[in-house]
Amino acid sequence: MRGSVARLETGLRVRNFVRTLAIVLVFLFFAPIVHAQNLGETLQECPGTLTGSTQPQQIHLQATQDATTMVVIWATEGRSMGEVEWNGQTAASSDYCYNHDMAFHMATMTDLVPGEEVTYRVGNDGSWSDEYTFTQIDQSSKQFEWISIADHGDSSEGMDVSEAIISDTDARLVTISGDISYADGEQSAWDDWFNIQQDSMTVIPWITGVGNHENEPGYGFTPYEHRFDSDGQIESEMFWYSRQIPGVHMVFMSTEHDYDPDSTQYAWLEQEFASVDREATPFLIVYGHSPMYSSNSYHGSEIELRTALEQLYVENGVDLVIAGHDHFYERTWPVSAEMVMDTGNGDRFARGEAPIHLVIGTAGRSAYEDLDEPQPEWSAYRENSTYGWTRWVYDGEAREVSMAFYRIDGSIGDEFTLQEAPLSSESKDTILGVPGFGSVLPILAIFGAALRRLR
Ligand SMILES: [Fe+2]
Ligand SMILES: [Fe+2]
């Protein structure tokens, strides 16, 4: 009896020893590759990443606030320690996951010179990506081109927009005003979306704001927080932040979080607007998702948003507010409290009158076709049932920003230019508040002269 107890105890000790040894070995094996999260968290959150290919995919650049750095994020099926190699330098990545069976890696390229070409690759000893080349944004450039979209996804129209972006080798940046992949809880949809955009996102940064579809059923904003980066910190995504490009201070705000005057976001916006250097960046653009002006019958104007923020925008000289959410295209006149403040000269405006609001939810999701009738006075141009993207150019010599709304067939639906200098009085096409009256004056003068000759 005592012998069998002793054998049992010995057996238990051996089993305990073997179990402990196994745990230690597992820990020693995996500890180096899970330095961003502990093993327990890995096993709980994404056990599927403990095996699988370590070939980089979903590679995308993320512009930072620092003109000398660029972040790159990528994914692998299996966990690994990643790194980025660029211009003879290397940097280790932070490696992490969320409750989806895909491992993510984020690394920062440093010591970049504005305007220089940077060639890089990501991965590790086992699996490297191709080499890609991007040009670090140079704030002093006299010409800068970028594309802005909203409400994208991967429909056939969305793919047309993606192809147009990929083939536009002059654009140096893409912005998205929310509703990005429409994963809506299906995480592989994000993987597919990033792989589709990879040809563009590896060579130019995409800057994103959150839409309602980034707040996913069962996940909240977690996938967005882990797949994009605005502050170099995993899981501490700020949903409002700014970036600068030549001539333009871009503010990305969230219409999906509290923006009331007593909110953190409102205080941040106040502080951010006050910090804009108009000599360096004469134009101030706010990107958000829900529009405060929209004459589409599906969602329409977000009145709560307008009540909370419009006067802050007006008082701080915000030039353009670029939203989505309603799947159509609309541009307002410079407007404040529904009052048209200026009608410019044809397709040319001078900044400083009031913000022009755009809804550009045309990048691929089903069009919302019903419009409010009659067209509100503040609505300068609107177009439904079409898909496309907006293309922007900053001209540093003229100190002006031009925009064209391209349909996916390549035709232009709308375009305008916003200049820093006031419109000259001759070119201003508003006489006594009547738009278009200015252009009639030369015709009246010729008519009058002809009449005088007849007499
Ligand atoms: Fe949408
Ligand atoms: Fe939306």
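## Charges over aromatic rings

In this predicted model, the side chain of Arg365 lies over the face of Tyr182, at 3.8 Å from the ring centre. A second arrangement of this kind involves Arg306, which lies over the face of Tyr293 at 4.1 Å from the ring centre.

## Aromatic pairs

The structure holds 29 aromatic pairs, and one of them is formed by Trp389 and Tyr406, whose rings are stacked with 5.7 Å from centre to centre and 10° between the planes. This pair links distant parts of the chain, since Trp389 belongs to strand E22 (residues 388–395) and Tyr406 to strand E23 (residues 400–407), 17 residues apart. Trp389 counts as buried because its relative accessibility is 11%, whereas Tyr406, at 23% relative accessibility, counts as partly exposed.

Elsewhere, ring pairs join Trp190, Trp193, Phe194, Trp206, Phe221, Tyr224, Phe228 and Phe239 into a cluster.

## Salt bridges between separate parts of the chain

The structure holds 13 salt bridges. One of these connects Asp191 with Arg227, and the closest N and O atoms of the two residues are 2.8 Å apart. Here, too, distant parts of the chain are linked, with Asp191 in helix H4 (residues 187–201) and Arg227 in helix H5 (residues 222–227), 36 residues apart. Asp191 and Arg227 are both buried.

Another salt bridge is formed by Asp319 and Arg351, with the closest N and O atoms 2.7 Å apart. Asp319 is located in the loop between helix H7 (303–315) and strand E15 (320–323), while Arg351 is located in the loop between strand E19 (348–350) and strand E20 (356–360), so this pair ties together parts that are 32 residues apart in sequence. With a relative accessibility of 3%, Asp319 counts as buried, but Arg351, with 22%, counts as partly exposed.

## A further bridge and a network

Glu373 and Arg382 also meet through their side chains in a salt bridge, for which the N to O distance is 3.2 Å. The two partners differ in their surroundings: Arg382 counts as buried because its relative accessibility is 12%, whereas Glu373 counts as exposed because its relative accessibility is 62%.

Salt bridges can also be followed through three residues, as Glu145, Asp168 and Arg391 are linked in a network of such contacts.

## The seven-stranded sheet

Seven strands form an open sheet, and their order across it is E11-E10-E9-E22-E23-E24-E19, with mixed pairing. Strand E11 (206–209) and E19 are the edge strands, each of which pairs on one side only. On average, and with direction ignored, neighbouring strands of this sheet are turned by 20° against each other.

At the edge formed by E19, this strand pairs with strand E24 (residues 412–419) in the parallel sense, over three bridges. Within this pairing, Arg348 has Thr417 in E24 as its bridge partner. The sheet also includes E22 and E23 as neighbours in its order, and these are the strands that carry Trp389 and Tyr406, respectively, the two residues of the stacked aromatic pair.

Terms used
Residues numbered from 1 in each chain as written. Chains lettered and ligands numbered in written order. Predicted model: local features only at pLDDT ≥ 70, side-chain atom pairs only at ≥ 80, totals over all residues. Heavy atoms only, no water. Salt bridge = Lys/Arg side-chain N within 4 Å of Asp/Glu carboxyl O. Helix = DSSP H or I, 4+ residues; strand = E, 2+ residues; numbered from the N terminus. Buried < 20%, exposed > 50% of the residue type's maximum accessible area, 1.4 Å probe, protein only. Phe/Tyr/Trp six-rings, centres within 6.5 Å; stacked < 30°, edge-to-face > 60°. Lys NZ or Arg CZ within 6 Å of the ring centre and 35° of its normal. Pairing = 2+ DSSP bridges. Axes fitted to C-alpha atoms, helices over the stretch in contact; angles between N-to-C directions.
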